[in-house]
Amino acid sequence: MEVHMIWTDSPCWITCWNDSNSYIKALRSPKIEFILAQHPWMENDCLFADVILPVSTKFEEEDIAADNMGGQYRFLLYEKKCIEPLGESRSDYEIVCMIAEKLGLLQEYTKGKSQEELRQNGFEGSGVQNLTSYEEFKEKGYFVVPTDPEWNKYPAGLRNFHDDPVHNPLKTPSGKIEFYSQNLAKHFPDDKERPPVPHWIEKGESHDEVLSGERAKKYPLLILSNHGKWRVHANHDDITWLREIPTCKVKGADGYSYEPLWINPIDARFRGISQGDVVKIYNERGIVLGGAYVTERVMPGVVYMDHGARYDPLVPGELDRGGAINTITPHNTTSKNATGMVVSGFLVEVAGANMEELRMKYPEAFNRPYHADAGLLLERVIQH
């Protein structure tokens, strides 16, 4: 079955998943006839949407929130609305309801229940409905789940297994702690990249992303990419007082704030790169521009760039000015039999960027509206 339409309420795949240049090319396929996005902010995937529906934030909605760290509730919160929805924004649920109504499916979708009834249904299934009433919960605004007074009669963690492993086996084939995975050995005996005993795999059929590999002759730097200190994934990239921090953004000579690329002075000097220069980070999957942050805090042969920057394409699927490093991360997963992403370390080369040449080649992209302090503006992409 081919996909011809995309409807997304989580339009941040470009910045959060692997080899997103491939994803961008898929979005631009002529087979994709229409893209609908609903979101409070202009996340990266919204750039490719035909229609963007404005979604209200949590400050404009009533809801129930649960703290379930560790797989169990410690407290429930009743989130009251702080302000009325701004402009024409609606909640995600309301938007779906409006579309369902147009399709004649509203009754089937809502089962005839109002939002308040749905919230109450959620409360009634939360496990605390016998400890407090819904009305008391709403009035107080929170409910702290009490500790079972007989908590000490329940064994801790794997205590039963520890005391009697024969009669309290684990769910492994042997019933014991396995350092050698029998299931991996049985079902994937030929997987050299995910063997029964975990150990360092220098390279394999899916990957050659190490400095000792063949690809390092062409791409001799190992780039590390982690969650940024100044962002939550791709959120907060437009907060002005964060962008003033030197390790948050590097302002280029053109006034554009680039995503910092940390590079050792030895590697920078070898490539003729100085602090604040605009550089291109590239491999066979594409090019990302960044601002050089020359520092001894990364070792020679290694460079570093946070993931999560806003996507600002000069050439969609090929060349990004915004610093969205996930666009050039490896395409393959940890092995042919596993779905884990390999995005935290991979091979690139770095060189100084010829900004005059790029400006002449892509004048329209360079002339998009830009806020010197906040970065990208909605006017860059939205037509009302």
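## A tour from salt bridges to a cavity

Begin by selecting Arg271, which is buried because its relative accessible area is 18%, where buried means under 20%, exposed over 50% and partly exposed in between, using a 1.4 Å probe and protein chains only. This is a predicted model, in which local features need pLDDT of at least 70 and side-chain atom pairs count only at pLDDT 80 or more, while totals for chains, interfaces and linings use all residues. Residues are numbered from 1 along each chain as its sequence is written, and side-chain values use heavy atoms, with hydrogens and water left out.

Now add Asp267, whose side chain meets that of Arg271 in a salt bridge at 3.8 Å, N to O; the term requires a side-chain nitrogen of Lys or Arg within 4 Å of a carboxyl oxygen of Asp or Glu. Asp267 also counts as buried, at 9% relative accessibility.

Next, select Glu209, Arg215, Glu284 and Arg285, which are joined into one network by salt bridges that share partners. Within it, the closest N and O atoms of Glu284 and Arg215 are 2.9 Å apart. This pair spans 69 residues, with Glu284 in the loop between strand 11 (278–283) and strand 12 (286–294), and Arg215 in the loop between helix 8 (182–187) and strand 7 (221–224); helices (H or I, at least four residues) and strands (E, at least two) are DSSP runs numbered from the N terminus. Glu284 is partly exposed at 47%, whereas Arg215 is buried at 18%.

Move on to Arg310 and Glu43, whose side chains form a salt bridge at 3.8 Å, N to O. The two residues are 267 apart along the chain, Arg310 lying in the loop between strand 13 (302–304) and strand 14 (313–315), and Glu43 in the loop between strand 2 (34–39) and strand 3 (51–54). Arg310 is buried at 12%, and Glu43 is buried at 3%.

Keep Arg310 selected, as this residue is among those lining the largest cavity, together with others including Asp237, Arg243, Tyr256 and Leu376. A cavity here is a set of points on a 1 Å grid over the protein atoms alone where a 1.4 Å probe fits but cannot get out, and lining residues have an atom within 4 Å of a point. The space inside comes to about 100 Å³, a volume being the space filled by probe spheres set on the points, which are joined across faces, edges and corners.

Finish at Ile95 in helix 3 (residues 92–102), which counts as buried at 5% relative accessibility.

Terms used
1 Å grid on protein atoms, 1.4 Å probe; cavity = no way out; pocket = protein on both sides within 12 Å on 5 of 7 lines; lining within 4 Å.
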